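Q: Hi! Could you walk me through this one while I have it open?

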Amino acid sequence: MSRLKPVNGQVILRPIEEDEQMIGNIVLPDIGHENPDVGEVIAVSSIYNFNKGEYIDSVVETGMKVIIPRMGAQRITISQEEYWITQQTSILAILEE
C-alpha cells in the first residue's frame, strides 16, 4: 500500500461527496453549477520561507474540512481511492462546524 506524503507547501485532501438534491424520486444532477470542491485534509507539508530562511506554520491541520476552487487541485487515484493534491495557498476557506 502506498503512502502519500506532501512536500513544498502541498496539502493532500480526501474529497467529500456533496449530497444530491432530490424532488420526489427524481435526482437533480449538479450540472451547470460551478460550486467549489470540499475536501478533508489528510496530510500537510511545511512551507519554507526562502527570504527568512525558516519554516512557516501551516494554517490547516489534518482532519479539517476545506474548500478549494473546482479546478484547484491535481486529482489522483491510488488503490481505487481518490485524492486531491493542492497548494496551501489555493485553499479558499476552512469549514468550521
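The chat below goes through the sheet, the core and the aromatic rings.

A: Happy to. Just keep in mind that this is a predicted model.

Q: Sure. What is the strand order in the open sheet?
A: The six strands run β8-β9-β1-β4-β7-β10, and the pairing is antiparallel.

Q: And which strands sit at the edges?
A: Those are β8, residues 74–78, and β10, residues 93–95. Each of these two pairs on one side only.

Q: How much are neighbouring strands turned against each other?
A: On average by 45°, with direction ignored.

Q: Let's go into the middle. How many bridges join β1 to β4?
A: Five, between β1 at residues 10–15 and β4 at residues 37–44, running antiparallel.

Q: Which residues in β4 face I12 and V11?
A: I12 has A43 opposite, while V11 has V44 as its bridge partner.

Q: What about the pairing of β4 with β7?
A: That is antiparallel too, with four bridges, and β7 covers residues 65–68. For individual partners, D37 is bridged to I68, and V38 is bridged to I67.

Q: Then how many bridges take us from β7 to β10?
A: Three, again with the strands antiparallel. One partnership there is K65 with L95 in β10.

Q: Remind me, through what do strands of a sheet pair in general?
A: Through backbone hydrogen bonds, in either a parallel or an antiparallel arrangement.

Q: OK, switching topic. Which residues make up the largest nonpolar core?
A: There are nine: V11, L13, V41, V60, V66, I68, A73, W84 and I91. Both β1 and β7 supply at least two residues of this core.

Q: V11 came up earlier with its bridge partner. What does V11 touch?
A: Leaving aside residues up to four places away in sequence, V11 contacts P6, V41, A43, V60, W84, I85, T86, Q88 and I91. V41, V60, W84 and I91 from that list also belong to the largest nonpolar core.

Q: W84 is in there. What lies over the face of W84?
A: R75 does, at 4.8 Å from the ring centre.

Q: Now the rings. How many aromatic pairs does the structure hold?
A: Two. In one of them, Y48 and F50 meet edge-to-face, with 4.9 Å centre to centre and 75° between the planes.

Q: And why is the pair of Y48 and Y55 edge-to-face?
A: Because their planes stand at 70°, and over 60 degrees counts as edge-to-face. The centres of the Y48 and Y55 rings are 4.9 Å apart.

Q: Which residues do the ring pairs link into a cluster?
A: Y48, F50 and Y55. Y48 takes part in the pair with F50 and in the pair with Y55.

Q: Are those three buried or exposed?
A: F50 is exposed, at 73% relative accessible area, and Y55 is exposed as well, at 57%. Y48 is partly exposed, with a value of 34%.

Q: Why does Y48 get "partly exposed" there?
A: Because its 34% falls between the two cut-offs, under 20% for buried and over 50% for exposed.

Q: Great, thanks!
A: Any time!

Technical notes:
Residues numbered from 1 in each chain as written. Predicted model: local features only at pLDDT ≥ 70, side-chain atom pairs only at ≥ 80, totals over all residues. Heavy atoms only, no water. Pairing = 2+ DSSP bridges. Axes fitted to C-alpha atoms, helices over the stretch in contact; angles between N-to-C directions. Phe/Tyr/Trp six-rings, centres within 6.5 Å; stacked < 30°, edge-to-face > 60°. Buried < 20%, exposed > 50% of the residue type's maximum accessible area, 1.4 Å probe, protein only. Lys NZ or Arg CZ within 6 Å of the ring centre and 35° of its normal. Core = buried A, V, L, I, M, F, W, Y, C linked by side-chain atoms within 4.5 Å. Contact = heavy atoms within 4.5 Å.
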